[in-house]
Amino acid sequence: ILSRYSYKGITKSNQEDLNEILEGALKKGGIVTDDQKALAQRKIKEYYIEKGRLDVKVLVKEYNDEQRPGAVRLEFDVDKGPRVKVGNIVFEGN
């Protein structure tokens with residue numbers, strides 16, 4: 001059962017945006033499956049790819065929650081990587 005989730009390596013404003021995105025994927029008090037963790041990881045990656053960070057890496061860490069027995073706490077460790085910019089476009093032919 002999911003008690004809460006948190007982020008590591010990102011700013012507060014990005015956390016708020018990701019909370020809105022992950023509302024449908026993760027529900028507090030719901031059962032946590034590998035598919036849900038993979039979906040949340042994919043949604044976080046899509047968010048950063050949209051912002052020009054194509055080399056984003058997201059690790060999902062699962063911890064037992066000490067306050068609630070039988071519940072888990074998820075931590076998303078986000079490494080945004082460098083921003084990708086197009087330097088030059090070359091057309092050849094027609």
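1. Asp34, Lys37 and Glu62 are joined in a network of salt bridges, and this should be read with the reminder that the model is a predicted one. Searching the whole structure yields 3 salt bridges, and the points below take the pairs in turn.

2. Within the network, Asp34 pairs with Lys37, their closest N and O atoms lying 3.5 Å apart. Both residues belong to helix H2 (residues 34-50), where they are 3 residues apart, about one turn of the helix. Their surroundings contrast, for Asp34 is exposed, with a relative accessible area of 60%, whereas Lys37 has a relative accessible area of 17% and is therefore counted as buried, the cut-off being under 20%.

3. Lys37 also forms a salt bridge with Glu62, and here the closest N and O atoms are 2.7 Å apart. Because Lys37 sits in helix H2 while Glu62 sits in strand E2 (residues 57-64), this pair ties together parts that are 25 residues apart in sequence. Glu62 itself is partly exposed, at 41% relative accessibility.

4. A further salt bridge brings together the side chains of Asp77 and Lys61, at 3.7 Å from N to O. Asp77 lies in strand E3 (residues 72-79) and Lys61 in strand E2, so the pair ties together parts that are 16 residues apart in sequence. Lys61, with a relative accessibility of 27%, counts as partly exposed.

5. Which residue forms a salt bridge with Glu62? That residue is Lys37, which, as noted above, is buried and also forms a salt bridge with Asp34.

Technical notes: Residues are numbered from 1 along each chain as its sequence is written. This is a predicted model: local features need pLDDT of at least 70, side-chain atom pairs count only at pLDDT 80 or more; totals for chains, interfaces and linings use all residues. Side-chain values use heavy atoms; hydrogens and water are left out. A salt bridge is a side-chain nitrogen of Lys or Arg within 4 Å of a carboxyl oxygen of Asp or Glu. Helices (H or I, at least four residues) and strands (E, at least two) are DSSP runs, numbered from the N terminus. Buried means under 20% relative accessible area, exposed over 50%, partly exposed in between (1.4 Å probe, protein chains only).
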